[in-house]
Amino acid sequence: IPSVSSIVPESCLLIVVGLLVGGLIKGVGEKPPILKSDIFFLFLLPPIILDAGYFLPLRQFTENLGTILIFAVVGTLWNAFFLGGLMYAVCQLGGPSLNHIGLLANLLFGSIISAVDPVAVLAVFEEIHINELLHILVFGESLLNDAVTVVLYHLFEEYANLEQVTVIDILLGFLSFFVVSLGGVLVGVIYGVITAFTSRFTSHIRVIEPLFVFLYSYMAYLSAELFHLSGIMALIASGVVMRPYVEANISHKSHTTIKYFLKMWSSVSETLIFIFLGVSTVAGHHYWNWTFVISTLLFCLIARVLGVLVLTWFINKFRIVKLTPKDQFIIAYGGLRGAIAFSLGYLLDYRHFGMRDMFLTAIITVIFFTVFVQGMTIRPLVDLLAVKKKAETKRSINEEIHTQFLDHLLTGIEDICGHYGHHHWKDKLNRFNKKYVKKCLIAGERSKEPQLIAFYHKMEMKQAIELVESGGIGKIPSAVSTVSIQNINPKTIPEERALPALSKDKEDEIRQMLRNNLQKTRQRLRSYNRHTLVADPYEEAWNQMLLRRQRARHMEQQLNNFLTVPAHRVDSPTMSRARIGSDPLAYEPKEDLENLPIITIDPASPQSPESVDLMNEEPKGCSGLPPSPEEDEEGLVMRVKEPSSPGTDDVFTPGPSDSPSNQRMLRCLSDPGPQPEPEEGEPFIPKGQ
């Protein structure tokens, strides 16, 4: 029924099926089976976690690892203690039916119910196709908070058995968190390396290659659980470590087998878990207390919202891509609880926790509320808030090249700045991996194959499979038929041309070019930073040239200032009227000489500086002609300098009016200031003087 499955998540439908099956079994007088914790933790949970860890989007996970760890560790601790403390207060105020529940029991209940469940998150988030960032934040938190949940669960269980809890017990409990989480990761890494090393020698027995992946992964989980370490962390670590090396060693058929068997196995486990939840709800013993159940549900929601808001405010101070209010709402709303909480509650011992039935009832209520109410409404809310969905695009060689280029670029920028960020350490890890690890764990020539070529082979194989499945393989002519067609009728152009096949030599040449130019940029360039930059041998010569140019410009500026007549100071209006009134003809513009600017010197005071008005004055009689009567009346008349002919020097070539007496007079008129400095000299004396 597609209309129902588009509204109700699959997990909700499976729980309803479980409720119907449980009711049917109980109706015929039989006792329904209950989801036992051993069955859940040993058989149903590992396939789901292995599938999630083996196909984990490693790039998004590592880039957001800090945010995921803060949500998983700090957020889970906050939820557990906030919820446990408030529930203890409710028990103290809730009357005689709740007064006997102590602080440690409430803290244990808080640690069970506070963890986000990876199975429920996967079931809901896979259907709504949320964007990669939000998916990896919520799902990564649900995976990594397992260590916190395991530590708190065993810690409070042990404290409940003790008569008195000392400071040493609390310190040991704090240290046990690091032991459980890091120990689980270490166990997973060891088994991942063993799996990769084993797959190196399976070239002649391809049939059992998938078996090694499942066997070693399950052994990693069991080994971690054996020592009370985090089995989920061990499975995640083993899947992440083994995948790149195993896929390079095994055949394509084995890879397909691993992929589809894991998907099928995890899907069957998920189906059984939700059906068993419904059956166990009908079959189990329940003790309903309104105050306890409603308080648990309310405080779970409040603690989740407060934790996300406070932690996001802190995280956004360090993130480049900030988490928006819409993202925060989806993270808070996506904190679903599931079968892990139910199984941990089912593990409680009646002898130490007589209120186990009430705890289980409250846990089932919270699971049903989060899976049904939040799981059913999160899809409409995502559409209503217009939250970014996951882009369904296929990766391409172009994208891979640009991704590697940006990684190299950011690593180089960090080296230049002297800042060792995660790009620097990621590059160091990649170089160590290529130099040492790949040679030990990958067989044959593929250990030396660059990442780009390996990605190209993967894309090529994927496209070939899609082409075969779509039935398009018949359209591509083989090499023999193409050659025969060309021999018979060379001019015939086929309707659908196939890409020309590259020869082996040409392919090796292209690979060599890619290997040299794309993969070894760090090896070809010497590392450097701003403190050890090599001196440029031409830098001193450039500095000398710049200094010479600056000196030449400075001398030219001094010469221009030297040849320029200082600006005439402006007369006051009273002085101007008195001057015009005393001699009106002297200030009238002359109409001869084609409207050229004219200056006049008062005959009564020829040395008066106020009478000099413009530049390039020429005294009477300096042109070699006898003065005319009009010039006697006019005083000094300004004449425009004739433009020089091409190829002549304007400064050092003497003109017709450049006699020594004329130059001396011009110098006197154009330099009313102080005497020149000794080093400047007199550059305007003609060469023959």
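Residues between 20% and 50% relative accessible area are taken as partly exposed, with those under 20% buried and those over 50% exposed. On this scale Glu63, in what is a predicted model, is partly exposed, its relative accessible area being 45%. Its salt-bridge partner is Arg59, with N and O 3.4 Å apart, and Arg59 is likewise partly exposed at 34%. Both residues belong to helix H4 (residues 58-63), where a spacing of 4 residues places them about one turn of the helix apart.

A second pair to visit is Asp407 and Lys426, whose closest N and O atoms lie 3.8 Å from each other. This salt bridge links distant parts of the chain, joining helix H17 (residues 397-417) to helix H18 (residues 422-441) across 19 residues. Asp407 has 17% relative accessibility and therefore counts as buried, whereas Lys426, at 31%, is partly exposed. Through shared partners, salt bridges connect Arg59, Glu63, Asp407 and Lys426 in one network.

Elsewhere, Arg379 pairs with Glu127 at 3.8 Å between the closest N and O atoms. Here helix H16 (residues 356-385) supplies Arg379 and helix H7 (residues 118-128) supplies Glu127, 252 residues apart. Arg379 is partly exposed, at 26%. The whole structure holds 8 salt bridges.

Turning to the nonpolar residues, the largest core has 111 members, of which Phe40, Leu45 and Phe292 touch the most others. Helix H8 (residues 132-161) contributes the largest share, 16 residues. Beyond its neighbours within four places in sequence, Leu45 contacts Phe40, Val119, Tyr221, Ile232 and Ile340. Another core, of 7 residues, lies apart and includes Tyr216, Ala220, Ala224 and Leu229.

Definitions and conventions:
Residues numbered from 1 in each chain as written. Predicted model: local features only at pLDDT ≥ 70, side-chain atom pairs only at ≥ 80, totals over all residues. Heavy atoms only, no water. Core = buried A, V, L, I, M, F, W, Y, C linked by side-chain atoms within 4.5 Å. Buried < 20%, exposed > 50% of the residue type's maximum accessible area, 1.4 Å probe, protein only. Helix = DSSP H or I, 4+ residues; strand = E, 2+ residues; numbered from the N terminus. Contact = heavy atoms within 4.5 Å. Salt bridge = Lys/Arg side-chain N within 4 Å of Asp/Glu carboxyl O.
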